[in-house]
Amino acid sequence: MNEFNDNRQVYSDSIRGTYVIFPLKYDSSLNLTELTIDGVENADFSSYDMSDILARRCRKENGFVRRYILNSCIDDVHFLNGKILAVNESQLYVFNNKIAFFTVLVTYDNADAGYIDKLINPGYVQNYNRSFEENVIKTVSNISIGGVSNIFRLYVDDMKLAVKETYLFNVALVSRRFNELETIERITFNEHKLIDISRDFSDPSEKDVAYTYGTKDTNMCSYRWGACITSQSISYVYATDVMTAANVAEQSRDDVFLTMLVLHQKSTCMLVNEGIQNTLIDNKRQSLKYFRKVKMLKKEALEFRASGTLAPSQVSRWNNVCETYRCLLAVNGIDEALEEIEQKVELIRDEQERKSSDMQNYVATVIAVFGLISIVASVLSIVDLVNSGSTDIVAALGVSCIGVVLFVFSWLILMLKK
């Protein structure tokens with residue numbers, strides 16, 4: 001029995017959704033414990049999938065992250081042939097380290113998956129629907145706090161690449177549970193490719209792919225959900241009795257937030273690495289301002305490494321959720337990025353030690369110069385005193401002067417060797 005082939009009509013009738021996730025950044029110092037977005041609904045985090053550690057961290061009073069629901073701010077997606085894809089929900093996730101994400105949920109029937117492919121056009125620079133992109137850019141710019149707008153901006157500088165820099169969270173709702181893991185893999189891989197999930201398709205060339213699954217129900221002996229994880233997207237399939245566009249958001253809400261935690265770490269690594277790189281190649285390397293900036297970057301990198309990252313065991317009490325999170329970290333290269341940060345922190349530490357050593361040498365040189373001046377002054381005073389003295393005093397004075405000269409000469413040789 002081939003479950004996928006036997007149930008292809010069931011999968012063909014699925015309801016689909018895609019969260020288009022735009023990474024943002026901001027420069028203002030925002031107090032997330034009191035942050036209110038004008039005309040926007042604040043949504044607290046509440047999930048049975050979260051661990052107690054993560055749930056406490058996400059509370060409003062702890063100021064780690066806030067989530068806001070923006071109602072009817074993005075128009076439905078229109079195509080030239082008259083096809084319309086519904087935009088069901090837009091959300092803003094704001095983290096406490098100048099990182100944010102704007103999400104747009106587009107829902108559609110499985111038969112219309114090709115339109116999402118045209119909207120995103122993965123793997124190609126060409127854009128087929130600039131109106132959607134322009135709508136998002138305008139909406140992000142208009143998000144205001146206390147009447148002040150233009151606080152958030154897209155991470156990418158070239159606005160024509162705004163959609164190309166997004167991360168996709170794909171969802172498929174089907175009406176039948178799964179008996180075979182291979183079926184889940186085939187469906188979710190098709191989702192990742194933005195094609196009909198009932199299509200017989202494979203691509204052995206894709207290597208950065210990982211799969212996770214819900215545990216098998218011991219009574220029904222079947223699986224309810226599974227996911228395909230890549231560096232560009234994560235794609236879930238859920239078996240449910242409620243096949244509606246509204247249920248797409250309901251089923252995926254906790255998993256979207258899990259993905260946000262990983263994307264937050266990924267974006268933060270990019271910003272920290274960029275800051276360190278730009279500072280280390282600064283041509284004003286001898287200035288005191290540069291020294292302070294190096295020290296600040298080192299502190300920022302260490303703080304993020306210590307408190308900005310989350311181990312899988314800190315995220316959830318459920319093993320399958322932890323495994324999904326672990327795969328997201330691996331496929332998105334978070335561990336490699338953190339390792340690169342640690343290596344650059346070592347460079348910063350070496351830079352600090354070099355600057356400290358240079359400063360110590362400078363101070364020692366100043367002290368030595370003033371010491372020599374004092375010695376010369378003392379010698380001149382003694383010469384005045386013994387100008388008419390005995391030959392023994394004059395001889396002792398000569399020996400002392402020779403000793404001072406030898407000491408200075410030895411010190412200079414030692415400094416040159418360093």
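**Exercises on helix 10 and strand 9**

**Exercise 1.** In this predicted model, determine how the span of helix 10 (residues 319-331) stands against the expected value, and what follows the helix.

*Solution.* Helix 10 comprises 13 residues, and the expectation at 1.5 Å a residue is 18 Å. From its first C-alpha to its last, helix 10 reaches 18 Å, close to that expectation. After helix 10 comes glycine 333, with a positive phi near 70 degrees.

**Exercise 2.** Establish which side chains of strand 9 (residues 210-213) are buried, and how strand 9 pairs with strand 10 (residues 225-229).

*Solution.* The side chains of strand 9 alternate along its length. Ala210 and Thr212 point to one face and are buried. Tyr211 and Tyr213 point to the other face and are not buried. Strand 9 pairs with strand 10 in the antiparallel sense, over four bridges. Tyrosine 213 has glycine 226, in strand 10, as its bridge partner.

**Exercise 3.** Explain why threonine 212 is classed as buried, and identify what its side chain contacts in helix 10.

*Solution.* Threonine 212 lies in strand 9. Its relative accessible area is 2%, and the cut-off for buried is under 20%; threonine 212 is therefore buried. Leaving aside residues up to four places away in sequence, threonine 212 touches Trp225, Gly226, Ala227 and Ile229, as well as Glu323, Thr324 and Cys327. With the side chain of threonine 324, the side chain of threonine 212 makes a polar contact at 3.0 Å. Thr324 and Cys327 are among the buried residues of helix 10, which also include Asn320, Val321 and Leu328.

Definitions and conventions
Residues numbered from 1 in each chain as written. Predicted model: local features only at pLDDT ≥ 70, side-chain atom pairs only at ≥ 80, totals over all residues. Heavy atoms only, no water. Helix = DSSP H or I, 4+ residues; strand = E, 2+ residues; numbered from the N terminus. Expected span 1.5 Å × (residues − 1). Buried < 20%, exposed > 50% of the residue type's maximum accessible area, 1.4 Å probe, protein only. Pairing = 2+ DSSP bridges. Polar contact = N/O pair within 3.5 Å; in protein donor to acceptor, adjacent residues only side chain to side chain. Contact = heavy atoms within 4.5 Å.
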